[in-house]
Amino acid sequence: MYETVIGLEVHFELATKTKLFCGCENRFAASPNTLCCPTCLGLPGSLPVLNKRAVEYALMAGLALNCGISKRIVFDRKNYFYPDMPNGYQVSQFYCPLCLNGKLTFFHNGKTKTVGIREIHLEDDAGKLIHGDGVTKIDYNRAGVPLIEVVTDPDMNSAEETVAFLEALRLTMLYLGVSDCKMQEGSMRVDVNLSVHKIGEPLGTRTETKNLNSFKAVAHAINCEEKRQREIIENGGAVDQETRRFDDLKGVSYVMRSKEQAEDYRFFPDSNLPAVSVEKSLIDEIKLSLPELPETKKRLYISDFGLSDTDAEILVSDKCVAEFFEKTAAFCGNRREAANRIIRDVMGEINLRQISLSESCLTPEKLGRIIALCENGEVSRKISREIMSVAFGENIDIDRYVDENGLSQITDPDIIKSAVEKVILDNPKAVADFKNGKKQVFGNLVGLTMKELCGRGEPKIINKIVEEMLKMS
Ligand SMILES: [Zn+2]
């Protein structure tokens, strides 16, 4: 029996307005080389100035992931040459990472799982090489963009578990608002460290698969690398410590380089960036400002609100939806019904119309009012759904809309009685069938009465009157 051991290095581009050490704009998809200055181009004589917002974002991430915070911010140079890196070194935190020894606990497959966070450090991003037409061009817009690198302990054992962790981590960053986490744009990138060993034997040699940019690619790369290493071990070979690149289309990975050791980078403190102390008051302030995190919300929804695991998961998977749900529940006073309506009906509208909840005209107040109208018996369930659909697309006043369109539920027994009379007169055969023991006809007669009342009859009263009148006829 083999066991797979997985640890991750996850990079997030921070959603700051400007870069880590200069005032250049931090923005995706601008014309190449339009967001650059002497500092982020590494020109001689330019000096870096640390972006306070980037530090605050990194601290938010660290505190949300239960890390200890370093008392000082110190940067080191990681020296290597690559054309997309104009300084000839990356500014990172090798000796003293900002955040250490945290953890992320998440709910997965009905169980709680905790993954250790070894460290989170701040660093700057490189530019981009653009290959094509036999030439390679360089775009330095991304050079100097602030990154945090989250390094986990090797606490995961399968592709599925790793993806569940990544989803929880991504959602945490989205709730914090520190990164937009768009994997397709490279603002969240994953490196997978993986080794395989026989259970009971020491850990195997690990390989690193770099720059995976979708969860699907992460899962695919893990499954392929697991298989590759097992085959090597089964054939009596030894896995080499190396860095690999994964081709998601072909499902094959290639050696990029044999894994370098830290000394290859000749790390040393960056003399242009003096140490900055992290004040306790700043940490306290950030701690207080942290939003309620998705895993906390999920636990609350399940244990206190009585929602199912799946429903809780759906609601927290988007911060806007979770907030919408909580407000709607507060307005109508029925959490389960608010959850049901949002998951079944509102999400249906979102998918159908391909617009987000914030772009729609529906507000928690309006949905809360619709639910209340239905619960009070003023409109039928079916009609309440139709009103929600209209309110999703148009800015309507719910009560006025119900009045103007005559949608309120009919509860007057006399009106319902005359509708039932008409149905009984028009359907002598159905009535005869019912008398002869064909009890399922009852439902048809109720349905016909509802149709007669344009869907607005109160179902319980209709049922009662149909029953009574059948007995009498
Ligand atoms: Zn710049």
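How many bridges join S7 to S10, and do the two strands run parallel or antiparallel? Seven bridges join them, and S7 and S10 run antiparallel. One of the residue pairs there is Leu-122 with Ile-148, the latter being the partner in S10. Please keep in mind that this is a predicted model.

## Confidence and layout

The mean pLDDT of the chain is 93, and 99% of its residues reach 70 or more. Among the elements of the chain, S10 has the highest mean pLDDT, 98, while S14 has the lowest, 85.

The domain assignment splits the chain into domain 1 (2-283), domain 2 (292-404) and domain 3 (413-472). Taken over C-alpha atoms, the centres of domain 1 and domain 3 are separated by 67 Å.

## The sheet

S7 and S10 belong to an open sheet of nine strands with mixed pairing. The strand order is S2-S6-S7-S10-S1-S11-S12-S13-S14. Strand S2 (68-69) and strand S14 (252-258) stand at the edges, and each has a single partner strand, so one side of each is left without a neighbour in the sheet. As general background, side chains in a regular strand alternate between the two faces of the sheet.

At the S14 edge, six bridges join strand S13 (residues 242-247) to S14, and these two strands run antiparallel. Glu-242 has Ser-258 of S14 as its bridge partner. The hairpin of S13 and S14 has four residues between the strands, and Gly-251 takes a positive phi near 70 degrees there.

Another glycine, Gly-186, is found in the loop between helix H2 (159-176) and strand S11 (188-198). With a relative accessible area of 11%, Gly-186 is buried. Gly-186 and Phe-75 are 111 residues apart in sequence, and their C-alpha atoms are 23 Å apart in space.

## The zinc site

Which residues hold the zinc ion? Its coordination comes from the SG atoms of Cys-22, Cys-24, Cys-37 and Cys-40, at 2.3 Å. In sequence, these donor residues follow the spacing C-x1-C-x12-C-x2-C.

Why is the arrangement tetrahedral? The four donor atoms subtend angles of 99 to 116 degrees around the zinc ion, which makes the arrangement tetrahedral. The cut-off used here asks that all angles lie between 85 and 135 degrees. For reference, the ideal angle for four tetrahedral donors is 109.5 degrees.

Where do the donors sit along the chain? Cys-22 lies in the loop between strand S1 (2-13) and helix H1 (52-64), and Cys-40 also lies in the loop between S1 and H1, so the pair ties together parts that are 18 residues apart in sequence. Both Cys-22 and Cys-40 are buried.

## Salt bridges

The structure holds 33 salt bridges. The table shows some of them, with the separation of the N and O atoms.

| Acidic residue | Basic residue | N to O distance |
|---|---|---|
| Glu-56 | Lys-52 | 3.6 Å |
| Asp-125 | Arg-142 | 3.3 Å |
| Glu-452 | Lys-422 | 3.7 Å |

Let us take these pairs in turn. Glu-56 and Lys-52 are four residues apart in helix H1, so about one helical turn separates them. Are these partners buried or exposed? Glu-56 counts as buried, because its relative accessibility is 14%. Lys-52, in contrast, has a relative accessible area of 57% and is exposed.

Arg-142 and Asp-125 meet in a salt bridge between their side chains. This pair links distant parts of the chain, 17 residues apart: Arg-142 is in the loop between strand S9 (135-139) and strand S10 (146-152), and Asp-125 is in the loop between strand S7 (111-124) and strand S8 (128-132). Arg-142 is buried, and Asp-125 is buried too.

Glu-452 forms a salt bridge with Lys-422. Glu-452 lies in helix H14 (residues 441-452) and Lys-422 in helix H12 (residues 413-426), so the pair ties together parts that are 30 residues apart in sequence. Glu-452 is partly exposed, with a relative accessible area of 37%, and Lys-422 counts as partly exposed at 40% relative accessibility.

Some salt bridges also share partners: in this way Glu-13, Asp-125, Arg-142 and Arg-189 are joined into one network.

Technical notes: Residues numbered from 1 in each chain as written. Predicted model: local features only at pLDDT ≥ 70, side-chain atom pairs only at ≥ 80, totals over all residues. Heavy atoms only, no water. Domains from an automatic or database assignment. Donors = N, O, S within 2.8 Å, 3.2 Å for Na, K, Ca; no water. Tetrahedral: all angles 85-135°; square planar, octahedral: opposite > 155°, others 65-115°. Buried < 20%, exposed > 50% of the residue type's maximum accessible area, 1.4 Å probe, protein only. Salt bridge = Lys/Arg side-chain N within 4 Å of Asp/Glu carboxyl O. Pairing = 2+ DSSP bridges. pLDDT = per-residue confidence, 0-100.
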